[in-house]
Every structure is written in structure tokens, then in C-alpha cells.
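Please open the model in a viewer and keep the sequence panel at hand. The tour below proceeds by selections, each followed by a description of what is found there.

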Amino acid sequence: MLARIISAALQGVDARRVDIEVNHAGTGETKVIVVGLPDTAVREAKDRVLTALWNSGLRPPMLGRLTFNLAPADLRKEGPGFDLPMALGVALVSEACGDAAIEDYVFAGELALTGEVRAIRGGLSIAIDARAQGRKGVVLPSESANEAAIVEGIDVIPVRNLREAVEFLQGRRTISPVRRDASECLSRADAPGVADFAEVRGQETVKRALEVAVAGGHNALLVGSPGSGKSMLAKRVSSIMPRLTLEDAIESTKIHSVCGLLGEGEFLKNERPFRSPHHSISDAGLIGGSSPPLPGEVSLAHRGVLFLDELPEFRRTTLEVLRQPLEDQQVCISRATGSTTFPCDFILVAAMNPCRCGYHGDTRRACRCSAAEVERYRSRISGPLMDRLDVQIEAPAVNYDHLMGESTGEASAVIRERVEAVRAIQRARSGLRTNARLRPEEQKRFCRLDSDGRALLRSAMEHLGLSARAYDRILRLSRTIADLASDETIRAHHVSEAVQYRSLDRKVSR
């Protein structure tokens, strides 16, 4: 007897349909075969499946050849998520359950030997794929059903064990679909206790630079001596970013789900991601990799902030792999078994000391580094990477009066309102999210300078020796500054501010 049941395999952060065909033939020697490019976890599934069936009171065939075929055969099947559909396929061929509703649902779940159904990664992606196929719903472990339930137009059936899934297919058990209100979850994003820019004393120039960076989606570098507040400022950047849309929240949740990083009871990421990897991170940890390929920190920061503290302490090769993701907003991981693409649209915020000892240019403490040592330390950041850091701002030490003063800066909510207004201007103008993503033809169309602005930019290019990429970045940054001032034309003072944010170019060796 032959049975077919529909499941899904994760490919990057998306799911792809997999048909599991189960065939039982003959009465001779017992033999179980799994074909269809399975990995070790899938090949081992036969032992989990047969034992779970026995312990659930569902007797599998004792004699003959039992074959599992996972199609398409050229797609590698990885992970334990095929346990549940394989077990249901065996139950079908042994006539332990009916198949009336089998074509209406997509099934996925890991089995314990007791028959309990355990959580899997990527439940949200599987539900999205099932809806695209036109299926009525998905049958998932109870722990994975919450994230899948935010997908509208599809029933998400939670099961705790194998027997529940069989009785559901037999029509003997009614299981209510899980429902989740994504809009309500997003409305709870501004929870009390979230880090706020109002907590940062002084550093008004740096706050302004970060507001410009977020408004236009530009990358930023903070340079300053230890204790000047670089990390404190960077950790609050996500608080002034526009609120997540449902589309962005789902994209972020998919990535965290595939990595198994959703917290207990969490079904939707309702805040902008903030990732801060240690400088000892590997290339694969930063951009993604391993086997099977998993998203790296740049993808986990998708729609949020990637903060690299102590930037020169990162291995140079690790920093260089950032160049392509910063340009393309996606990472392509190529292996012998195929290629996987992960999204990575984020704002890079980096911080560094001005020299190895940290006090070059500090008015309070003397620097112990020679000029050659300062140059050597800064040259750890290559010119091409520095060009991609649109905003480069020095964070001076905070004086006593600012620390002890009663006044506080603007709250993040106030700054966020201005940022959202500027983002709306950009979307209306070009249809893109930010000025930092302007294509060359759009840059030529929308970044028009007046005569004084052109003269100032020419002078800056000649005196600072800036690259062509730096020219484009200054132009886009000037566009953002003009948008913050509600000015359609880019004027000289907009260019002047943008050039000031590139002043470190001349201080870093190429």
C-alpha cells in the first residue's frame, strides 16, 4: 500500500514543499529504507518513528519492505521535522488512520520515543509556504504553533503527541486552530524600561549624527576615548528607528525561528533587533554558514542594528566580508550541495578608540601611543570599509557639568517621530525605504545641489582625497540632512554637515 503526506524543508529562511511517500510491500524480511537525499537526522528518523508508533498504541507493519521517499530527490532534507509526517504515513499504510484530510494539511514535527511531538525550527516559514500552496492548514507541535498562527488565512493545528495527530485525521478529535493577533503584539513594542536617548547626558552632536544616520538608513562609526558613552549611545539607536511594520516583523521572526532563537512564548519579534557580537567572532558566525547553512549576525540584525564594538579588534578578514552584505543587503552562502541566500538589511553602528591606549586627542589624559602606532591601529580598518561608514563622528569625553546636570536630552520617542516623518518623505519620493539605498539614476534625480553646495563638495573631494564611493555617500547623506530640514534642494550647509561626518577619512590609512 502507498500513502503520501505533505511536509516542508527549510531552505535558507523559507520553506519548500516536500512530499513524503510511504510504501509497504511484501511479507518477507523486515527492512526500512529512507531515500531522497536525507541527512543523518532524517535517516535516523525511522527508529524514532517506529518506536513512537509502538508506544502510541499504533502498531506499524512487522514484516516486509517499508520505503520512505522524500521528494523532490534533489533537495537535501535536514533535521528531525519529518518525524511526524513519516509516522503518519506509516499509520496510513497500516490502516491505523484514514486519509480524508491528509491533502489539506502540511505536517511537521519531531517525535520523542514516547510519541510526544517536540518543537521544530521554522514553523512560521512552513505556515507561509502552506498558505502559498493553497492548503487549508498546518499541523505542528504545540510549541511551534504560536509563531505560525500569525499567518492569516490558514488554520494552525497544535498537537502534543502522535496519537492526537492520528485522531485528528480520523475525525475522532476536534482541535481548535491557534489564533494570534499580530497587530496587538506590535502595539506592545514600546514597553517600559526600554533604553532611551534621554538617559544619555551630553553628546548632543553625536545624538544629532545618529538621528541623521537612522533617518536615512546610513551606517555610522563612533570614535572616542573609553567612557565617552559610545556603547551607551549605540545601544539606544534601535529606540529611535521607525516602528516595525507587520511585514518587517514577520521577516525578522522567520530568521530567529530558523535559528531556534525565539524565546519561550514568543511568537513575533515586536522590536527592532539589536545584535552585538564579540570581536572574536568567526566569518561564518558574522555572515552565516556552517552545515546546513544558518543565518549569521548580519541576518539576525535584519531590519535592526548590528553593533560592532572595538572595531579594530575584529580580524581584518572578518571585517572585509561585511562589504558585500552592506552593499547588497543579502548574503549568499555557496556550498557543494547548493546556495542559500539570507536577507541582511541593517544599520551598522561601529565604535572604536582613537588609538590603542584610547586617549589620542583626549584633553584629560595623555596618549602613550606614537604617531606610527596610532596610524597602525587605525589602518586595521580598510579604506573600502571606511567608505561604507557614511557617518563618522568623534564622541568627546563628557564633562562634570553634563554628568551632574538636571537637564536631560530629548526622549527617543520624540526623535523617532522626526525619523518616521523623514522616512515617509523618502518613500513618497523614491519608493525605497531610505536615502542610503538610492540607485545611481535615482541619486542623480533626487540629490540636486545648489551652486554653493556643488562648489563646497568639489572642494571637499579635492582637499580630503575622497573616493568616488565617498562622494556618493556624502551626496546621499546631504539628501537626508536636507529632508530633516524639509528642504527639497540640497544646500551648502547640508553638504557642510555631511562632510563633517566624513572627516575621519583623512585620518585613517588606506
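Begin by selecting R365 and Y359: the charged end of R365 sits over the ring of Y359, at 4.2 Å from its centre. A second arrangement of this kind appears on selecting R180 and F267, where R180 lies over the face of the F267 ring, 5.3 Å from the ring centre. Please bear in mind throughout that this is a predicted model.

**The whole chain**

Next, display the entire chain as a cartoon. Its secondary structure comprises 22 helices and 18 strands. Taken along the principal axes, the box filled by the C-alpha atoms is roughly 85 × 50 × 45 Å. The chain has 510 residues, of which 54% count as buried. If the surface is switched on, the accessible area comes to about 22,300 Å², and 48% of that belongs to carbon and sulfur atoms. Among contacts between residues at least 6 apart in sequence, 74% join residues at least 24 apart.

**Aromatic rings**

Select Y105, F107 and F168, which ring pairs link into a cluster. The count of aromatic pairs in the structure is 3. For Y105 and F168, the ring centres are 5.4 Å apart and the planes stand at 80°, so this pair is edge-to-face. Y105 belongs to strand β5 (residues 105-107) and F168 to helix α6 (residues 162-170), so the pair ties together parts that are 63 residues apart in sequence. Are Y105 and F168 buried or exposed? Both Y105 and F168 are buried.

**Salt bridges**

Side chains of opposite charge can pair when their charged atoms come close. The structure holds 40 salt bridges, and three of them are visited here.

Select E103 and R4 for one of these, in which the side chains meet at 2.8 Å, N to O. E103 lies in the loop between α3 and β5, while R4 lies in strand β1 (residues 2-11), so the bridge ties together parts that are 99 residues apart in sequence. E103 is partly exposed, with a relative accessible area of 31%, and R4 is likewise partly exposed, at 33%.

Then move to R48 and D83, whose side chains form a salt bridge at 2.7 Å, N to O. This pair links helix α2, which holds R48, to helix α3, which holds D83, the two residues being 35 apart. R48 counts as buried at 17% relative accessibility, and D83 is buried with a relative accessible area of 1%.

Continue to R473 and D390, where the closest N and O atoms of the salt bridge are 3.2 Å apart. R473 is in helix α21 and D390 is in the loop between α16 (383-387) and β18 (391-394), 83 residues apart. Both R473 and D390 are buried. To see the wider setting, extend the selection to E327, D387, R388, D390, R469, R473 and R502, which salt bridges with shared partners join into one network.

**Helix α22**

Select residues 492-500, which form helix α22; its buried residues are H494, V495, E497, A498 and V499. What covers these buried residues? The cover includes α8 (204-216), α20 (451-464) and α21 (468-484).

**L63 and a nonpolar patch**

Select L63, in the loop between α2 (45-55) and β4 (65-71). Together with W54 and M62, L63 makes a nonpolar surface patch of about 320 Å². Leaving aside neighbours within four places in sequence, L63 is in contact with H24, G26, T27, G28 and T30. For a sense of span, draw a distance from L63 to R388: their C-alpha atoms are separated by 65 Å, and the residues are 325 apart along the chain.

**Backbone details**

Most residues other than glycine have a negative phi, and most peptide bonds are trans. The last selections depart from that pattern.

- A71 and P72: the peptide bond between them is cis, with omega near 5°. P72 lies in the loop between β4 and α3 (83-93).
- E310: phi is near 55°, a positive value in a residue other than glycine. E310 is found in the loop between β14 (305-308) and α13 (316-320), and E310 is partly exposed, with a relative accessible area of 26%.
- Q329: phi is positive, at about 60°, although Q329 is not a glycine. Q329 lies in the loop between α14 (323-328) and β15 (330-335).

Methods
Residues are numbered from 1 along each chain as its sequence is written. This is a predicted model: local features need pLDDT of at least 70, side-chain atom pairs count only at pLDDT 80 or more; totals for chains, interfaces and linings use all residues. Side-chain values use heavy atoms; hydrogens and water are left out. Patches are made of residues with over 30% relative accessible area and no salt bridge: like charges are joined within 9 Å, nonpolar side chains (Val, Leu, Ile, Met, Phe, Trp, Tyr) within 5 Å. Accessible areas come from the Shrake-Rupley method with a 1.4 Å probe; for residues, only the protein chains shown count as cover. A salt bridge is a side-chain nitrogen of Lys or Arg within 4 Å of a carboxyl oxygen of Asp or Glu. Helices (H or I, at least four residues) and strands (E, at least two) are DSSP runs, numbered from the N terminus. Rings of Phe, Tyr and Trp (its six-membered ring) pair if their centres lie within 6.5 Å; planes under 30 degrees apart count as stacked, over 60 as edge-to-face and the rest as tilted. Buried means under 20% relative accessible area, exposed over 50%, partly exposed in between (1.4 Å probe, protein chains only). A charge sits over a ring if NZ of Lys or CZ of Arg is within 6 Å of the ring centre and within 35 degrees of the ring normal. Contact means heavy atoms within 4.5 Å.
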